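User: I am a first-year student and would like to go through this model step by step. Could you begin with the terms and then take my questions in turn?

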Amino acid sequence: MRRERWPIDRGGKAGFPRWFPAIGPKMTMQGRTIALGVSGGIAAYKACEVASKLVQLGASVHVAMTRSATEFVTPLTFRTLTQNPVIVHMFAEPKHWSVEHIGLAERADLFIIAPATANIIGKLAAGVADDFITTTLLATAAPVLVVPAMHHRMYVHPIVQRNIVLLQEIGYRFMEPETGRLASGGYGKGRFPSPEKVVEQAVALIGYEHDLTGRTVVVSAGPTVEPLDPVRFLSNRSSGKMGYALAAAARDRGARVILVSGPVGLRPPLGVETVYIETAAELRRVMLARAPGCDAVVMAAAVADFAPKGRSEQKLKKQAIPAILELEENPDIIRELSQLQPRPVLVAFAAETSSVLQAARTKLETKGVDLVFANDVSQPGIGFGSDDNQVTMVSAAGAEEIPRMPKARLAHVIWDRVKSRWG
Ligand code: CTP
């Protein structure tokens, strides 16, 4: 999938048309291949604008329509807007194109289904593949963005909602329809969102500049779990969100990513090699095996400092559990990684509740790392389990306050700082 370096000549808001809001540090749609599946609803005419705007941003857009979509808009409209042939019949003889559409499932960086009717959502959820769009979707590993638009009573119908949840669970992204006057004359939730918003979502999904192409990074995430016996364990409150955001951000910027994860309730990011561990000892083994030769290691995992001494293979009876548990110290993994030659850029996290800066400076020195991102987890709304974080970055050069922001965005700031260490 899209792992080559695209020609980048535009960055941030400056390179985009005026209607496009700035949503990321450096983004481009140049060189991206987008498959746009149009199903049969009145909002099909708005998909024309989506296609046109994506083309304006430099993407190569390939449209496939269901037969009923052609009742609302003609294939010629999309062909003219995208300068690419439009597929309607799955087995039609290719005329002016051959290689272009073959392998679209493999070449596409993103699939957008817009508008998505209740019918196509139902088919996708059931795994039905009876036309070009549904067949190609089953064959792709690219992210999928679905933009439902339908009568509001259909949208809120439990079957449609169940299908949406099912598809979300396997990683499909859904945009919320807007509330307002519907083509049928009624009022409610079901309107196709503005084409700008759809395009903005598409850029957010695949528009990052591939500035980490050729780099391999290892990210650890989540807690470690240290068993006392088969049912009891010592652990901590890490949700894994920061580490998973880091893995997804590096992937979006073209890096090869290995995510080493403790037990968390998060879906593994697509396109990222995810290795699961439980104990600090397992984490150490995997990190020592995977870190050599890579460009950066980010230890976002909250490694339990201690493990119960002598794990019991059988469940301990209450009477057999001592009132005072004997613990043994876990190895300091990142400190061991700092001995690697050549040494990857090393990033540590420090979750503190007091003297945050001082603790971060101490960790920078004792662990032999390049960057420490420290946060005060006693503050509400940041740190463990939350979607936002507010960190201070400490390096040999000093401290930098990074304002509160979503972890998904902070992940990009962290990669920017790592990138600057590579020179
Ligand atoms: N870390 C590690 N191995 C350990 C403990 C921590 O690699 N055994 C890493 C963490 O992943 C994190 C950084 O070191 O990136 C700091 O973790 P923290 O738990 O704050 O460090 P400790 O050395 O355990 O310090 P403290 O005494 O504050 O618990």
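Analyst: Helices (H or I, at least four residues) and strands (E, at least two) are DSSP runs, numbered from the N terminus, and two strands pair if DSSP finds at least two bridges between them. This is a predicted model, in which local features need pLDDT of at least 70 and side-chain atom pairs count only at pLDDT 80 or more, while totals for chains, interfaces and linings use all residues. Residues are numbered from 1 along each chain as its sequence is written, and side-chain values use heavy atoms, with hydrogens and water left out.

User: What is the order of the strands in the open sheet of 5 strands?

Analyst: The pairing in this open sheet is parallel, and strand S2 (60–65) and strand S5 (173–174) are the edge strands, since each pairs on one side only. Strand S1 (residues 33–38) runs parallel to S2 and is joined to S2 by 6 bridges, with Ala 35 having His 62 as its bridge partner in S2. The order is S2-S1-S3-S4-S5.

User: Which strands does helix H3 touch?

Analyst: Helix H3 (residues 75–82) packs on the sheet, and its direction makes about 175 degrees with that of S2. Such angles run from 0 to 180 degrees between N-to-C directions, with axes as lines fitted to C-alpha atoms, for helices over the stretch in contact. With contact meaning heavy atoms within 4.5 Å, the strands touched by H3 are S1 and S2.

User: How much of the ligand's area does the protein bury?

Analyst: Polar contacts are pairs of N or O atoms within 3.5 Å, and an oxygen atom of the ligand is 2.7 Å from a polar backbone atom of Met 299, while a nitrogen atom of the ligand is 3.0 Å from a polar backbone atom of Ile 333. Taken alone, the ligand exposes 560 Å², an accessible area from the Shrake-Rupley method with a 1.4 Å probe. The share of that area buried by the protein is 76%.

User: How many residues lie in the hairpin between S18 and S19?

Analyst: Strand S18 (residues 388–395) and strand S19 (residues 398–406) pair in the antiparallel sense over 7 bridges, and Asp 388 stands opposite Pro 406 in S19. The hairpin joins S18 to S19 through 2 residues.

User: Which residue precedes Pro 115 across a cis peptide bond?

Analyst: Pro 115 lies in strand S3 (residues 110–116), and omega for the cis peptide bond is about -5 degrees. The residue joined to Pro 115 by this bond is Ala 114.

Terms used. Polar contact = N/O pair within 3.5 Å; in protein donor to acceptor, adjacent residues only side chain to side chain.
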